Amino acid sequence: MKNLKGYKRKLSLICLITITQISCASAAHSIAKLESSDFQHIGTAQWFSDGPEISANRGDGFLVTKDRYDDFYLRVEFYAGPNTNSGIFFRCDEATKISDKSCYEANIFDTRIDQTYRTGAITGYAHPKVTINSEDSNWHNYEIYAVGDKVRVLLDGKETVYMRDHKHSSGYIALQFAQGEIKFRNFEIRKLRSSALKTTKTILDGVWELESMEIVDNSGKSTPWCPGSFGVIVYTKNYMSTAVNCISDPSKAVLYSGPFEINNEVVYHHVQNYSDPSLNKVFKRNFLLSGKNHLELRGDLGTSVVVVKWVRR
């Protein structure tokens with residue numbers, strides 16, 4: 001094995017990164033090779049090349065691009081050994097200071113103590129919609145779209161995160177090793193136009209006024225969430241915002257916002273701003289439209305089920 005020290009991109013429309021070269025196809029399908037000096041090491045992690053793979057199993061650090069990227073699609077395959085802590089950091093503000101505060105991180109960490117941000121998550125921003133274990137002696141595939149304020153992550157073809165955030169608009173990309181064993185291969189990056197991940201109109205778009213909110217327990221008994229409650233939910237441009245208040249108990253106020261998406265008869269609310277700042281998660285709600293003007297949302301609330309009815313304003 002040879003110690004890996006880095007690469008350099010000379011053409012960047014579509015780049016397929018291997019250990020020995022990066023093949024970049026422009027409109028004329030021209031190909032350029034990258035020198036090993038075009039990536040830099042940060043920290044003590046020791047990176048090795050073995051054919052088309054890069055790997056690390058000791059130390060702690062990153063392999064960081066020297067180029068910055070704005071709007072892009074990134075694809076990379078990874079193999080994680082037992083108890084591996086790794087990740088793909090992107091839009092990093094600085095090349096020499098990599099963290100989940102200065103970058104977005106698509107995490108690779110099945111055994112993370114706080115499972116909110118396990119494998120498939122954007123650490124500190126959004127937990128994964130589906131649980132996919134990566135420490136199973138198989139290669140897995142990460143795909144990341146970063147366009148404007150929109151970030152979309154797929155793991156093995158399944159979307160784990162769709163979020164919107166303005167904190168990082170461009171930056172470096174870094175591969176992490178912190179513990180265990182990690183291998184990467186078939187790293188592909190392609191520039192995207194700012195119109196990619198364009199927002200779409202949905203059947204839920206509009207302003208809805210709260211009609212009722214009921215809590216149904218395991219016995220089927222239904223009770224009002226809070227007598228005297230009122231509020232609205234707004235869906236527009238793939239973004240959702242909710243404000244619900246209660247006259248009888250103001251402490252029960254619910255305020256949250258974030259991206260949303262629809263899959264069949266389920267709407268996913270990717271909560272990023274909340275009346276409780278510590279909460280950052282995805283709410284899964286089955287929805288039922290009666291005509292065009294009546295909407296019912298139903299989903300889990302602890303051991304009970306919450307049923308919320310809205311009327312179009």
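Colleague: How do I read a sheet here? What is the strand order in the open sheet of 5 strands?

Modeller: Start with the general idea. Strands of a sheet pair through backbone hydrogen bonds, either parallel or antiparallel. In this predicted model, the open sheet of 5 strands has the order β4-β7-β14-β9-β10. The pairing is antiparallel.

Colleague: Which are the edge strands?

Modeller: They are β4 (39–43) and β10 (104–108). Each of these two pairs on one side only. As for twist, the average is 20 degrees from one strand to the next.

Colleague: Take one pairing at that edge. How many bridges join β4 to β7?

Modeller: There are 5 bridges between β4 and β7, and the two strands run antiparallel. For a register point, use F39, which stands opposite T65 in β7.

Colleague: Now β15. Which way does β6 run against β15, parallel or antiparallel?

Modeller: Antiparallel. Strand β6 (residues 53–56) is joined to strand β15 (residues 182–191) by 4 bridges. Within that pairing, S55 has K183 of β15 as its bridge partner.

Colleague: How many bridges link β8 and β15?

Modeller: β8 and β15 pair over 8 bridges, again in the antiparallel sense. Here the residue to find is L74, whose bridge partner in β15 is I189.

Colleague: What follows β15? Where is S194?

Modeller: S194 sits in the loop between β15 and β16. The relative accessibility of S194 is 61%, so this residue counts as exposed. Check its spacing to D70 as well. S194 and D70 are 124 residues apart along the chain, yet their C-alpha atoms are separated by 9.3 Å.

Colleague: On to charges. How many salt bridges does the structure hold?

Modeller: The total is 13 salt bridges. One of them joins the side chains of R91 and D71, at 3.0 Å from N to O. That pair links distant parts of the chain, with the two positions 20 residues apart. R91 is in strand β9 (residues 85–92), and D71 is in the loop between β7 (61–65) and β8 (72–80).

Colleague: Why does R91 count as buried?

Modeller: Buried means under 20% relative accessible area. R91 counts as buried because its relative accessibility is 0%. D71 is also buried, because its relative accessible area is 17%.

Colleague: Now E77 and R75. What is the N to O distance in their salt bridge?

Modeller: The side chains of E77 and R75 meet at 3.2 Å, N to O. E77 is at 11% relative accessibility, so E77 counts as buried. R75 is at 22%, so R75 counts as partly exposed.

Colleague: And D149? Which residue does D149 form a salt bridge with?

Modeller: The partner is K150, and the closest N and O atoms are 3.8 Å apart. D149 and K150 are both buried.

Colleague: Which residues are linked in a network of salt bridges?

Modeller: K129, R152, E159 and E261 are. Keep R152, E159 and E261 in mind for the pockets; they come up again in a lining.

Colleague: Then to pockets. How do I read one?

Modeller: Rolling a probe the size of a water molecule over the atoms shows where empty space is left. In this model the largest pocket has a volume of about 530 Å³. Its lining has 25 residues. Those nearest the centre are F283, R285, D300, L301 and V306.

Colleague: Which strands each supply at least two residues of that lining?

Modeller: β16 (206–216), β19 (239–246), β20 (254–263), β23 (282–290), β24 (294–301) and β25 (304–312).

Colleague: How many nonpolar, polar and charged residues line the largest pocket?

Modeller: The lining of the largest pocket has 16 nonpolar, 4 polar and 5 charged residues.

Colleague: And the second largest pocket? What is its volume?

Modeller: The second largest pocket has a volume of about 160 Å³. R152, E159, Y162, L197, K198, N238, F260, E261 and I262 line it. The elements giving two or more residues to this lining are β13 (158–164) and β20.

Colleague: Which element gives the most to the lining of the second largest pocket?

Modeller: β20 does, with 3 residues. By class, the lining of the second largest pocket has 4 nonpolar, 1 polar and 4 charged residues.

Technical notes
Residues numbered from 1 in each chain as written. Predicted model: local features only at pLDDT ≥ 70, side-chain atom pairs only at ≥ 80, totals over all residues. Heavy atoms only, no water. 1 Å grid on protein atoms, 1.4 Å probe; cavity = no way out; pocket = protein on both sides within 12 Å on 5 of 7 lines; lining within 4 Å. Points joined across faces, edges and corners; volume = space filled by probe spheres on them. Nonpolar A, V, L, I, M, F, W, Y, C, P; charged D, E, K, R; others polar. Salt bridge = Lys/Arg side-chain N within 4 Å of Asp/Glu carboxyl O. Buried < 20%, exposed > 50% of the residue type's maximum accessible area, 1.4 Å probe, protein only. Pairing = 2+ DSSP bridges. Axes fitted to C-alpha atoms, helices over the stretch in contact; angles between N-to-C directions.
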